[in-house]
Structures are given as structure tokens and as C-alpha cells.
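Reader: Hi! I have a new model open and would like to talk it through with you. Where shall we start?

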Amino acid sequence: MRKYIFAVTAAALFLSTAPSLHAYWIWTPQTGTWINPKWAVKDTPQEQFDWAMKFFKAKDYKKAVEEFLRLVRFYPQAELAAESQYYAGQAYEALEEYEQAFYAYQKGIETYPFSKRLDEMTEREYQIAGKFYAGEKVRLWGIPTFPSVYKAIEMYQKVVDNAPYGKYADQSLFKIGECYKKARDYQQARLAFQKLVDEHPESKLSEEANFQVGLCASQASLKPSYDQSVTDEALRSIEDFAKRHPESKLTGEADKMHQSLREKKAESDYTIAEFYWKQKWYDSAGEYYKNIVTNFPETETAKKAEERLKIIERKQKK
């Protein structure tokens, strides 16, 4: 009995609403589909654009996005499609949905590379990447979650890929280096700065980037007891900077860094010498102490090496 009542009620509800539902849908022979006029695109790209702009100007950005993207979907070849893609990005920015805005601009750049908005979309991408560098939170299902410097790297890299020698390419590479530094990934940071130096030698950021190459290599170098090949690389980078920019205001910092790296190299040799010393293999230890005194005479480690050499000399005279 209950099943019967439920079936009758459902049928009654369907029959009562069917006419109104039917009224919203129209069969279109051209496409062979049912279309709801409420969601249909306007008859021309211009009409659709004007319709979308009404919402944009009224600051109904959510609806504006919907209508601009409808134009792109239904009139992808229209001249106003690129403009609509740009305004979709603008509307997303107004909604503070920065990732969506970035993707809207990126689609505009990729789909309409000859758009008059190309420079503006590139600039907006660079500015949005800056927001994530500054701590903007990544959204999951529309909910802000956590800041991610890697999202900024991804965006800056897109800016570089879009125009490797464009207005924002060198600035983006520098920011990528800064992002990796923030993440304490000094090897990747060094590579980004080096790329800027190699590919944009005329950039006003080239000098600072050249210094950062040495700084990051220095940060990446390991303790004296480890392999010192990274320290050697850091020394070469600092020396390269000094050679290229002898008048730089960063010379003082570079000199300190250079001295610190030489101290680390001397300490590395001293660690090996001490190993031989403890084994009482004084000849082998002496070779390392001499190397320190000869090649790193200004270091504190050289003074300790000299003391060890005097002791070895006394032992050999006995």
C-alpha cells in the first residue's frame, strides 16, 4: 500500500512540473540538441561580449566570467574571443581567485598569441606569480589551504616559457632563483641565477644574479669533512663574479664569502691530515699540512698546520 501511495505521489509531482520544465528547453534542429535559452549564447559575438560586459561593469564578476567564457566556447575564432579570455582573467582577479586568473591569461596567451592583450596578460601573470611568492595560499576546491613557493616557481617559469627573451623573462628567472632560495634548494637556485647570467648578460639584474650564483654555491657547499667539489665550484663562481664586476658594490661581500670558502677548503685538508696524524703516519700528514700552509696561508687553519709541522720536524730529528 505504501509503495502504491509513493508511486502515485511521484507521478503527480512529475506531471505537475513537466509543463514548466518543458517550457525552458527548445529543440534546435541545427545542432540536434535541446537548449535552455537561459544558458544559450547570444546570436553574435558582439552581443555576447556586451552581455558579459554588463555583468563585469556591475561587478557581478562570477556571472561575468561565465558569460565571457561562453563567448570563447561558442565563438572561439571571433576577434572578441581573445578579449573575452582577457576579461575572464580580470574577473577572476576581482574575485581574488588568482590561480584561475593565471590559467585564464595563460589560455589567452597560448590560444591567441597575436592578441593585442598579449603584453597585458603576460604582465598580469608576472604580478600573480608575485602574490604566490609573497605568500598567497593555494586553493583546493576553492578553499585557501597553504602558501606554496613552488606554485610561484611554476608560474614564473610559464612567464619565461611564453617569451624567453621578453620583458619579464630576466625578472622571472631572478624570482625563480629567489623562490628556490626560500625553499633552501640552493642548487636549483644557483641554476636559475646562472641561466639569467648566461641568457641575459645585458640585464640590469645580471650582476646581482652573478653574485647569487656564488652565494648559492657557497650555501650548497658541505662541511669540511665531506666532498669539497661543491666548494671548489663555489670558489670558481665567486672568482668569476670578481672578474666580471670588479667595481661592484657587492665586492666586499664577495670577498668575505671567498675567504670563508678558502677557510673551508683548508679545514677539509686539515681533517685528512689529522686522520694520518692519529695513525702516526707523519709523512703523509706532513704533506697535507704543507699544502695548507702553502695554498691557504691567510687562514686560521694554516696556523694550526704550521704548529703540527714543527712537531713533525722535531720528531724526525730525534
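Author: Let's start with a cysteine: Cys 179 has a relative accessibility of 0%, so it counts as buried. Keep in mind that this is a predicted model.

Reader: Good to know. What about Cys 216, buried or exposed?

Author: Cys 216 is buried, with a relative accessible area of 1%.

Reader: And how many disulfides does the count come to?

Author: The count is zero disulfides, taking a pair of cysteine sulfur atoms within 2.5 Å as the criterion.

Reader: Okay, zooming out. How many helices and strands does the protein have?

Author: There are 14 helices and four strands. The protein has 318 residues, and 41% of them are buried. Its accessible surface is about 19,400 Å², with 55% of that belonging to carbon and sulfur atoms.

Reader: What share of the contacts with a separation of 6 or more comes from residues 24 or more positions apart?

Author: That share is 50%.

Reader: Nice. Which residues have the most contacts inside the largest nonpolar core?

Author: They are Phe 56, Phe 68, Ile 128, Tyr 156 and Ile 176, in a core of 60 residues. Helix H4, residues 79-94, gives this core its largest share, eight residues. There is also a second, separate core of twelve residues, and Phe 296, Ala 302, Ala 305 and Ile 312 are among them.

Reader: Let me pick Ile 128. What is it in contact with, leaving aside neighbours within four places in sequence?

Author: Ile 128 touches Glu 93, Tyr 98, Ala 101, Phe 102, Tyr 105 and Met 155.

Reader: Which residues of H6 are buried?

Author: Ile 128 is one of them, along with Met 121, Thr 122, Glu 125, Tyr 126, Ala 129, Phe 132 and Tyr 133. These buried residues lie on the same side of H6, because they cover an arc of only 165 degrees around the axis.

Reader: Why would residues three or four places apart point the same way?

Author: An α-helix has 3.6 residues a turn, so residues at that spacing point the same way.

Reader: Makes sense. What do the buried residues of H6 pack against?

Author: They pack against H4, helix H5 (98-111), strand E3 (137-140), helix H7 (149-162) and helix H8 (169-182).

Reader: And how far does H6 reach from its first C-alpha to its last?

Author: H6 covers residues 118-133, 16 residues, and reaches 23 Å, close to the 22 Å expected at 1.5 Å a residue. Just after H6 comes Gly 135, with a positive phi of about 120 degrees.

Reader: Leu 118 lies in H6 too. How accessible is Leu 118?

Author: Leu 118 has a relative accessible area of 26%, so it is partly exposed. Apart from neighbours within four places in sequence, Leu 118 is in contact with Ile 109, Tyr 112 and Pro 113. From Leu 118 to Tyr 86 the C-alpha to C-alpha distance is 8.9 Å, and the two are 32 residues apart in sequence.

Reader: Switching to backbone angles. What is phi of Glu 96?

Author: Phi of Glu 96 is near 60 degrees, a positive value in a residue other than glycine. Most residues other than glycine have a negative phi. Glu 96 sits in the loop between H4 and H5, and at 46% relative accessibility it counts as partly exposed.

Reader: And where is Lys 280 found?

Author: Lys 280 is in the loop between helix H12 (251-278) and helix H13 (282-295). Its phi is near 65 degrees, also positive. Lys 280 is exposed, with a relative accessible area of 61%.

Definitions and conventions. Residues are numbered from 1 along each chain as its sequence is written. This is a predicted model: local features need pLDDT of at least 70, side-chain atom pairs count only at pLDDT 80 or more; totals for chains, interfaces and linings use all residues. Side-chain values use heavy atoms; hydrogens and water are left out. Helices (H or I, at least four residues) and strands (E, at least two) are DSSP runs, numbered from the N terminus. Buried means under 20% relative accessible area, exposed over 50%, partly exposed in between (1.4 Å probe, protein chains only). Contact means heavy atoms within 4.5 Å. Accessible areas come from the Shrake-Rupley method with a 1.4 Å probe; for residues, only the protein chains shown count as cover. A nonpolar core is a set of buried Ala, Val, Leu, Ile, Met, Phe, Trp, Tyr and Cys residues joined through side-chain atoms within 4.5 Å. The expected span of a helix is 1.5 Å times one less than its number of residues. The arc is that of the directions from the helix axis to the C-beta atoms.
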